Amino acid sequence: KSVESKLLGNEKNIGYIKLKSFNENSDKQFIKKVKNYEKQNLIGYIIDLRNNPGGLLNQAVTITDFFLEKGEIVSTKGRRISETRKFFARTGDGINGKPIIVLINGGSASASEIFAGALKDHKRAIILGENSYGKGSVQSVIPLRNGGGIRLTISKYYLPSGQSISEVGVSPDIIVEEENQFEL
């Protein structure tokens with residue numbers, strides 16, 4: 001279970017969703033939760049990606065696509081042509097342009113940075129918190145005969161703006177340092 005949620009505000013009309021990781025079924029859990037909230041006439045969403053280490057690229061793309069009307073989500077660039085790809089949003093914003101705040105910190109990495117960075121670049125969300133981790137590399141695990149494996153970086157992630165995530169991360173629109181951050 002990678003999704004936790006609750007309603008916030010005096011009117012209980014702000015959806016707070018904490019996404020702990022991007023695993024095999026995060027998209028189904030996450031999108032189902034948002035669709036249920038959409039039946040309740042909410043005014044906006046807070047998506048908490050603090051300390052989310054990331055996970056699967058396809059999950060990041062699917063969840064990001066849910067909020068974007070169109071445009072590039074992320075691209076990968078590697079030495080080989082097969083490692084160079086672009087991912088685009090399909091038409092349709094699942095919440096029809098309602099405001100989104102995305103919470104990030106130094107523990108938000110990889111798929112979290114793709115999500116936050118794409119929504120920031122498309123001016124679809126306000127990113128709040130601290131600079132993210134900066135894990136913008138795509139790895140492949142090569143199995144070894146002894147049962148072990150070697151992890152090899154084969155390409156890097158780039159945001160729609162063309163900026164690499166690697167070693168720089170995603171910078172928030174509004175900086176709120178961790179010691180002052182509220183717990184929801």
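**Pocket, sheets and helices**

Mentor: Strand β8 gives five residues to the lining of the largest pocket, and this is the largest share. Bear in mind that the model is predicted.

Trainee: Which residues line the largest pocket?

Mentor: The lining consists of G55, L56, L57, S110, K135, S137, V138, Q139, S140, V141, R151 and Y157. Two elements, β8 and β9, each give two or more residues to that lining. The space in the pocket is about 200 Å³.

Trainee: What makes a residue count as lining the largest pocket?

Mentor: A lining residue has an atom within 4 Å of a point of the pocket. V138 and R151 are among the residues listed for the largest pocket, so each of them has such an atom.

Trainee: How many residues of each class are in the lining of the largest pocket?

Mentor: Five are nonpolar, five are polar and two are charged. Lys and Arg count as charged, and the lining includes K135 and R151. Gly counts as polar, so G55 belongs with the polar residues of the lining.

Trainee: Why are β8 and β9 called paired?

Mentor: Two strands pair if there are at least two bridges between them. β8 (residues 137-143) and β9 have seven bridges, in the antiparallel sense, so they meet that cut-off. One partnership across the two strands is that of S137 with K156 in β9. The two strands form a hairpin with five residues between them, and G147 in the turn has a positive phi of about 95°.

Trainee: How do you know that β4 and β9 pair?

Mentor: The cut-off is at least two bridges. Four bridges join β4 to β9, and the two strands run antiparallel, so the pair qualifies. K77 stands opposite K156 in β9, and G78 stands opposite S155 in β9.

Trainee: In what order do the four strands of this antiparallel sheet stand?

Mentor: The order is β5-β4-β9-β8, and the sheet is open.

Trainee: Why are β5 and β8 said to stand at the edges?

Mentor: Each has a single partner strand, so one side of each is left without a neighbour in the sheet. From one strand to the next the twist averages 25°. Helix α2 lies across β4, β5 and β9, and runs at about 155° to β4.

Trainee: Why is S75 called buried?

Mentor: Buried means under 20% relative accessible area. S75 has 4% relative accessibility, so it counts as buried. S75 is in strand β4. Leaving out residues up to four places away in sequence, S75 touches R85, K86, K156, Y157 and Y158.

Trainee: What makes A116 buried or exposed?

Mentor: The relative accessible area of A116 is 1%, against a cut-off of under 20% for buried and over 50% for exposed. A116 is therefore buried. A116 lies in helix α3 and, not counting residues up to four places away in sequence, touches V102, I104, I127 and V170. The C-alpha atoms of A116 and L159 are 9.7 Å apart, although 43 residues separate the two along the chain.

Trainee: Why is helix α3 called mostly covered?

Mentor: Nine of the eleven residues of α3 (residues 111-121) are buried. That puts each of the nine under 20% relative accessible area. The nine are A111, S112, E113, I114, F115, A116, G117, A118 and L119.

Trainee: Which elements do the buried residues of α3 pack against?

Mentor: Those residues pack against β3 (44-48), α2 (57-67), β4 (72-78), β6 (100-104), β7 (126-129) and β9 (149-158). After α3 comes K123, whose phi is positive, near 55°.

Trainee: What is the strand order in the open sheet of six strands?

Mentor: The order is β1-β2-β3-β6-β7-β10, with mixed pairing. The edge strands are β1 (3-8) and β10 (174-175), since each pairs on one side only. Helix α1 (residues 26-38) packs on the sheet and touches β1, β2 (14-19) and β3, with a direction at about 170° to that of β2.

Trainee: Why do β7 and β10 count as a pair?

Mentor: They have two bridges, in the parallel sense. The cut-off is at least two, so β7 and β10 pair. G129 has I175 in β10 as its bridge partner.

Methods:
Residues numbered from 1 in each chain as written. Predicted model: local features only at pLDDT ≥ 70, side-chain atom pairs only at ≥ 80, totals over all residues. Heavy atoms only, no water. Buried < 20%, exposed > 50% of the residue type's maximum accessible area, 1.4 Å probe, protein only. Contact = heavy atoms within 4.5 Å. 1 Å grid on protein atoms, 1.4 Å probe; cavity = no way out; pocket = protein on both sides within 12 Å on 5 of 7 lines; lining within 4 Å. Points joined across faces, edges and corners; volume = space filled by probe spheres on them. Axes fitted to C-alpha atoms, helices over the stretch in contact; angles between N-to-C directions.
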